[in-house]
Amino acid sequence: MIEKILKLTTKNKAVQEILTPVLKSCPHLQHLYGILKIINEIKLDESCLISEILNFCLDEEKESFVKEQFNEDVLSLFLSLKQLEKYSTQNLAEAENFRMMLFAISKDIRVIIIKLCLLLYELRSLKKIENDSEKIRLIEVREIYAPLAERLGLNFIKSELEDICLKFLEPKVYEYLFSNVMLKKEENDKQIAITKNKLETILSELGIDGHIYFRQKHFSSVYKKMKNKNVPLAKIYDLIAMRVIVNSVEDCYAVLGGIHAIYRPMPDRFKDYIANPKPNGYQSLHTTIIAENSRPLEIQIRTFEMHKISEYGIAAHWIYKEKRVKKSVLDEKLSFIRSMMENTNELSSKELIEIFKTQLSSGTIFVQTPKGKILDFPEGSTLIDFAYSIHSDVGNSCVGGKINGKIKPISTKLENGDVVEIITSQNSKGPSRDWLKIVVTASAKNKIKYFFRKEFKAENIKTGKRIVEEELKSKGLEPSIIFQDKAFEIVYNKLCFNNTDELFASVGYGSISVKQVVNRLISELQKEKTITTELIKPKLIVSKNKDGILIDGDSGMLIRYANCCTPVSGDDIIGYISRGKGVTIHRKSCHNVKFLEQERLIEAEWNDKSIQNYKATLAIISEPNDVFIQRMLRQIMENKIFILSFNSKQNKYNQLITTLNIQVNNIQEIEKTISLIKNNNEVLKVERIND
């Protein structure tokens with residue numbers, strides 16, 4: 001196996017000698033060979049193959065060995081692959097992991113191509129989903145890596161990744177498509193043979209050299225088309241496509257004319273991607289004809305060069321051009337990733353990943369400045385996106401624009417070929433927060449966010465501090481003490497803020513989650529062993545303010561009683577910090593407490609002097625006797641217990657069930673009332689119940 005790997009990797013004997021002991025120490029050569037075969041299929045350069053061997057076999061600590069034995073290109077790829085490996089195995093929903101992944105792949109496009117090859121090999125060997133983490137991993141592949149492969153033009157990787165995701169994430173859909181498509185295989189094979197023969201005749205008559213292939217449409221593409229166009233499988237006309245590969249663009253159009261001369265083309269099914277390439281560089285002529293079996297059949301016509309780019313995308317630059325092209329030329333293909341790296345600290349995890357997905361899935365439009373400069377934008381971009389692409393000051397002072405000479409509002413979406421001019425005003429007060437809902441490009445979003453962060457810093461600091469204080473209180477921590485602890489300084493330094501104001505402003509602005517801050521803070525407090533009873537707020541003090549409103553005596557936080565258990569002074573109580581409704585006080589014995597979020601519970605006690613008049617509910621089981629009821633009510637009132645309401649009904653055992661609501665000042669008055677009722681001979685049982 002070692003010889004096969006070396007033969008696949010390099011012809012350089014000296015390099016083979018260096019790699020041999022590395023390979024001998026690797027226990028999984030079969031897996032490595034499978035990965036290298038996919039990389040070789042794309043025909044990436046020798047540095048890529050060598051760097052993946054080193055990445056697979058060596059730890060990051062072996063950097064010095066790689067530096068001594070190989071050139072800078074291999075070393076750079078090795079380190080980038082290790083960096084990408086580190087962050088792509090963690091949860092990409094964390095913005096920091098996602099940013100670092102973007103950073104790793106933006107330095108050299110070959111890094112992400114190798115990563116995609118590795119990912120494809122891993123998923124090919126997947127037999128079933130064992131746990132939730134594998135399911136989450138497949139969702140990441142479907143939503144991030146497969147679209148990225150498509151954006152790079154690596155269609156064979158993109159399609160296979162999507163098919164595998166469909167198979168395991170939506171098995172019923174996959175099984176339906178597989179069984180229905182295979183039913184038509186014999187009929188399709190016959191039609192392919194007939195059409196291929198006719199296409200060969202056309203090429204011969206035109207004197208054009210070419211090759212004819214056919215391909216089965218991937219199940220994921222079929223399903224996507226069914227969903228997007230809301231059509232059944234029977235209405236998908238390109239399940240099978242013929243490909244005619246020729247030498248020149250002129251030959252493509254000549255073959256198209258020959259096909260339309262003998263086959264009837266379907267209306268509105270012709271697409272010229274040669275004149276209008278896709279954003280990933282894909283070029284081809286597509287036409288759908290009615291074949292001999294009276295069913296539609298798609299035929300794609302392209303040059304050999306177009307076919308190579310269609311299959312291998314950006315990797316074709318290494319295969320068919322020079323061995324190494326200037327990075328700046330190749331990096332243009334990933335310019336959208338570089339734009340994502342601008343001011344990404346201003347974006348939350350969700351915003352960053354959503355923008356990335358939008359950039360991957362959207363098409364591209366081309367518009368012009370009045371001087372004729374052509375700029376490209378994602379589909380759906382507006383005049384505001386255009387303004388910020390020129391300069392931040394132009395965007396901030398934008399009040400409108402002209403599209404093809406006509407004045408349009410700033411929210412107008414741009415279209416291919418538009419000539420755009422921005423109208424600015426010195427009296428403009430700057431962008432509106434609503435603009436964030438309108439713009440599409442990451443650059444525009446970042447610049448608008450930066451404007452608000454800078455202009456409203458004082459307001460953001462105040463808002464952020466309040467949010468952090470509330471979150472700390474919900475965790476049972478006293479903010480005034482925590483803010484003085486050294487752990488707080490450690491946390492804001494680790495989060496790359498210079499001081500507390502910067503941290504609070506970032507939270508208030510929304511570019512960092514308050515949970516991220518507080519969770520790190522708690523972790524640091526525990527690590528430094530500085531969480532003590534002094535730091536933790538022991539309990540709420542239930543009181544009334546001068547207006548008679550229930551509050552916590554220390555913080556002034558609003559309090560209300562839980563209707564389920566109606567606590568009174570003297571009960572053992574606990575507080576539940578609810579979202580937006582202050583604190584709800586329950587009896588500790590309340591059966592609902594166990595269903596509440598435990599981290600939001602906080603100890604509580606009564607301030608007996610400030611609170612009176614509680615409601616309590618008693619249930620009384622007695623023999624049926626109207627005289628007893630009257631006597632019991634009179635005894636309660638004589639003891640100065642106010643009766644709010646009562647209700648009696650007879651059960652199936654011929655017992656009288658009375659529910660009695662009384663107003664008391666404390667638990668002692670409840671106990672006194674229960675004792676009075678029990679002294680009656682007719683009473684079988686009396687107890688306090690929830691409302």
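**Briefing: a sheet, its helices and a few other spots**

Helix 30 (residues 667–678) lies across strand 17, strand 19 and strand 20, running at about 165° to strand 20. This is a predicted model, where local features need pLDDT of at least 70 and side-chain atom pairs count only at pLDDT 80 or more, while totals for chains, interfaces and linings use all residues. Residues are numbered from 1 along each chain as its sequence is written, and side-chain values use heavy atoms, with hydrogens and water left out. Helices (H or I, at least four residues) and strands (E, at least two) are DSSP runs, numbered from the N terminus.

**The sheet and its cover**

- The sheet is open and four-stranded, with antiparallel pairing in the order 18-19-17-20; strands pair if DSSP finds at least two bridges between them.
- Strand 18 (642–650) and strand 20 (683–689) are the edges, each with a single partner strand, so one side of each has no neighbour in the sheet.
- On average, neighbouring strands of this sheet are turned by 20° against each other, direction ignored.
- Antiparallel strands 17 (residues 614–622) and 20 are joined by six bridges, and Ala-619 sits opposite Glu-687 in strand 20.
- Helix 29 (residues 626–638) packs on the sheet too, touching strands 17, 18, 19 (656–664) and 20, and its direction makes about 165° with that of strand 18.
- Angles run from 0 to 180 degrees between N-to-C directions, and axes are lines fitted to C-alpha atoms, for helices over the stretch in contact.

**Helix 10 against helix 13**

- Helix 10 (residues 155–169) and helix 13 (residues 219–229) pack at about 75°, their axes 7 Å apart.
- That makes helix 10 and helix 13 roughly perpendicular to each other (65 to 115 degrees).
- On the helix 10 side, Lys-158, Ser-159, Glu-162, Asp-163 and Leu-166 meet Phe-219, Ser-220, Ser-221, Tyr-223 and Lys-224 of helix 13; contact means heavy atoms within 4.5 Å.

**Around helix 27**

- Helix 27 (residues 500–509) has Leu-503, Phe-504, Ala-505, Ser-506, Val-507 and Tyr-509 buried (under 20% relative accessible area).
- Among what covers those buried residues are helix 23 (442–455), helix 24 (457–474), helix 26 (486–494) and helix 28 (514–527).
- At the start of helix 27, a side-chain oxygen of Asn-499 comes to within 3.2 Å of the backbone nitrogen of Asp-501.
- Gly-510 follows helix 27 and has a positive phi, near 95°.

**His-391**

- The loop between helix 20 (383–390) and helix 21 (392–396) holds His-391.
- His-391 is partly exposed, at 42% relative accessible area (partly exposed falls between under 20% for buried and over 50% for exposed, with a 1.4 Å probe and protein chains only).
- The C-alpha atoms of His-391 and Lys-447 are separated by 9.4 Å, with the two residues 56 apart along the chain.

Key. Parallel < 35°, antiparallel > 145°, perpendicular 65-115°, else oblique. Polar contact = N/O pair within 3.5 Å; in protein donor to acceptor, adjacent residues only side chain to side chain.
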